[in-house]
Amino acid sequence: MADNINNTGSGGGNAGLAFIVGGIVVVLAIVAYFVFARGGAPETKEVNVDVNLPEVSAPAVPSPN
């Protein structure tokens with residue numbers, strides 16, 4: 001008994017998926033270049049801030065007379 005095999009070439013639907021996956025790979029490669037080739041985050045600089053405020057005293061409490 002012979003099997004009826006219909007091969008209509010329906011495998012072309014994966015071309016769009018391959019294009020999308022290829023685009024994602026290219027975007028990830030560009031991001032990896034900027035992260036790894038350029039050293040990742042920029043250098044951290046030491047910031048020393050000195051804030052001098054005048055001393056503030058509380059008002060005098062009245063005595064309970």
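**Entry 1: surface and burial.** I began with the accessible surface of the chain, which comes to about 6900 Å². Carbon and sulfur atoms supply 62% of that area. I note here that the model is predicted. I then looked up burial: of the 65 residues in the chain, buried ones make up 0%.

**Entry 2: secondary structure.** I went through the assignment for the chain and found one helix and zero strands. Helix α1 spans residues 14-37.

**Entry 3: nonpolar patch.** Which residues make the nonpolar surface patch of about 470 Å²? I recorded Phe19, Ile20, Ile24 and Leu28. From this group I followed up Ile20, which has its place in helix α1. Ile20 has a relative accessibility of 52%, and I list it as exposed because the cut-off for that class is over 50%.

**Entry 4: aromatic pair.** I searched the whole structure for aromatic pairs and obtained one. The partners are Tyr33 and Phe34, with ring centres 5.4 Å apart. Why is the pair edge-to-face? The ring planes stand at 70 degrees, and planes over 60 degrees apart count as edge-to-face, so I entered the pair under that heading.

**Entry 5: exposure of the two rings' residues.** I checked both partners for accessibility. Tyr33 is partly exposed at 46% relative accessibility. Phe34 is also partly exposed, with a relative accessible area of 43%. Both values fall between the 20% and 50% limits, and therefore I assigned neither residue to the buried or the exposed class.

How values were computed: Residues numbered from 1 in each chain as written. Predicted model: local features only at pLDDT ≥ 70, side-chain atom pairs only at ≥ 80, totals over all residues. Heavy atoms only, no water. Patch = residues over 30% accessible without salt bridge, like charges linked within 9 Å, V, L, I, M, F, W, Y side chains within 5 Å. Areas by Shrake-Rupley, 256 points an atom, 1.4 Å probe, with all protein chains shown as cover. Salt bridge = Lys/Arg side-chain N within 4 Å of Asp/Glu carboxyl O. Helix = DSSP H or I, 4+ residues; strand = E, 2+ residues; numbered from the N terminus. Buried < 20%, exposed > 50% of the residue type's maximum accessible area, 1.4 Å probe, protein only. Phe/Tyr/Trp six-rings, centres within 6.5 Å; stacked < 30°, edge-to-face > 60°.
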